[in-house]
Protein chains: 2
Amino acid sequence: MPKETEPGRRLTARGAAMRGRLIEVAAALIYEKGASRTSLDDVLEKSGASKSQLYHYFADKDALILAVIRWQIERVLALQQPHLAQLDSLEALWRWRDAVLALATAAPGLRGCPLGSLANELAGRFENARSLLAGGFDRWREALEAGLGAMRARGELAGSADPRALALAILAALQGGLLLAKTAQTIEPLEAALEVALEHVARHATRKSARKGGAAAARSSPEPRKP
Amino acid sequence: MPKETEPGRRLTARGAAMRGRLIEVAAALIYEKGASRTSLDDVLEKSGASKSQLYHYFADKDALILAVIRWQIERVLALQQPHLAQLDSLEALWRWRDAVLALATAAPGLRGCPLGSLANELAGRFENARSLLAGGFDRWREALEAGLGAMRARGELAGSADPRALALAILAALQGGLLLAKTAQTIEPLEAALEVALEHVARHATRKSARKGGAAAARSSPEPRKP
DNA sequence: TTTGGACTAGACCATTGAGTCCAATGGCGT
DNA sequence: ACGCCATTGGACTCAATGGTCTAGTCCAAA
């Protein structure tokens, strides 16, 4: 019985390519329709592959989904990487926010975070998926936390600040903001949520590099507030 | 052609009861399995009704889902009502947080917010559902905002505070916190998110009724922090 | 008491979707 | 060259699912 749930197998270059292609296509479809509403036939058609190919590389649909999750985690984290890597000052934190906002605005229709959607749909009924996603969010939080920790170590943040809790709160604000934004079809909630979270970090700053927010001075957001 | 998507129709007491029963059962199933993975047959079986009954009260599955959404909105809002109604002081805000946390901890398995789940699954592909949910979140935000507004009017909050943005941020923190909590299977993220959001409100307080949080003094949460 | 319409039963249908199977084919190491 | 095995094609099975249809039963008002 060959066929593994996991990549650990002999794979020629061609095979790896096909496998990757299936994952990418599946990821895109799942991102827009959700995992349960994405049929294998959909994936097959869009990728030009055949049934047997899919089942040659994945044990079953769940295995494909798991692969998609891994792929999305790497993808999202990679996208955050450049920003998070040097997340070591309040300025950098605000820049990160601007980038996130820009990214959210860019995608047509405010589709939300791939990881958030996946987590919401699968966490409750697919343990393997849940733990995988939990791990993904954990890495994300760690990256954020590392930056915050560095700031504190350098004395930019007060010792009373709790990097872990702060990171968690920022991540939650991002996810919640994205969910509300996608529902209301306006980034206003996302802006407000991030504003509050970062403002809170700024409050713990020792130097006054803090950028006064208050009534929110969103230069980078073209979106007008609802009147 | 009778059969309407909406309730606006002659309904005997018996009919209304049956209809309500179907909605309740569907709501429960959808809450735990998601809308697309809940089959009409599931609903039928659990409610002891027959196909024709379901189709007598609802035009199709989408109509049922819409009804479930309305029901859940009322349900969630009603649950918040007592707290939100007198949300007029920092103390009340912290009590609200404690109640939310307790509620989240109570449900087995940290299932998340019904509205959040619904929104996440449906917002992107079912316009009617999306706008309905957007309306629900809007009412929720309004309730929060009203309390914050009252506080400001009474002079407990600084004039610089923006009730609407604050309410949005709190709601986002709650939703994001719940999502992360359900994924990680620990309320830690929810605690952190709410802590930051409320702490931010407290920062705008004029009197010092603010409860110093900092490294988080969670008296009401039995959950230990991860070591 | 009759009668129209609300309400209930459940067989039936068409489609979709996950997963299986057998038969090729083609690339790569020896 | 050759043979093995990764790879590919695609028809086929079987269960689940949304939705339809016919045939009543029950209730309330005229």
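Chain A comes in two pieces in this predicted model: its domain assignment gives domain 1 (1-59) and domain 2 (72-227). Where those two meet, domain 1 of chain A puts in four residues and domain 2 of chain A puts in six residues. On the domain 1 side of that contact, you'll find three nonpolar residues, one polar and no charged.

Now for the two chains. Here 48 residues of chain B are in contact with 48 residues of chain A. On the chain B side, the elements that each supply at least two residues are helix H1 (13-33), helix H6 (114-122), helix H7 (127-153), helix H8 (163-184) and helix H9 (188-203). H8(B) brings the largest share of that side, 15 residues.

Then there's the DNA. Around DNA strand C sit 22 residues, and the ones that come nearest are Ser39(A), Leu40(A), Thr12(B), Gly15(B) and Ser52(B). Chain A gives two or more residues from each of helix H2 (40-47) and helix H3 (51-57), while chain B does so from H1 and helix H3 (51-57). The largest share of this surface, four residues, belongs to H3(B).

Here's how the three surfaces break down by residue type:

| Surface | Nonpolar | Polar | Charged |
|---|---|---|---|
| Side of domain 1 of chain A that touches domain 2 of chain A | three residues | one residue | no residues |
| Side of chain B that touches chain A | 22 residues | 13 residues | 13 residues |
| Surface near DNA strand C | six residues | nine residues | seven residues |

Definitions and conventions. Residues numbered from 1 in each chain as written. Chains lettered and ligands numbered in written order. Predicted model: local features only at pLDDT ≥ 70, side-chain atom pairs only at ≥ 80, totals over all residues. Domains from an automatic or database assignment. Contact = placed C-beta atoms within 7 Å. Nonpolar A, V, L, I, M, F, W, Y, C, P; charged D, E, K, R; others polar. Near = placed C-beta within 6 Å.
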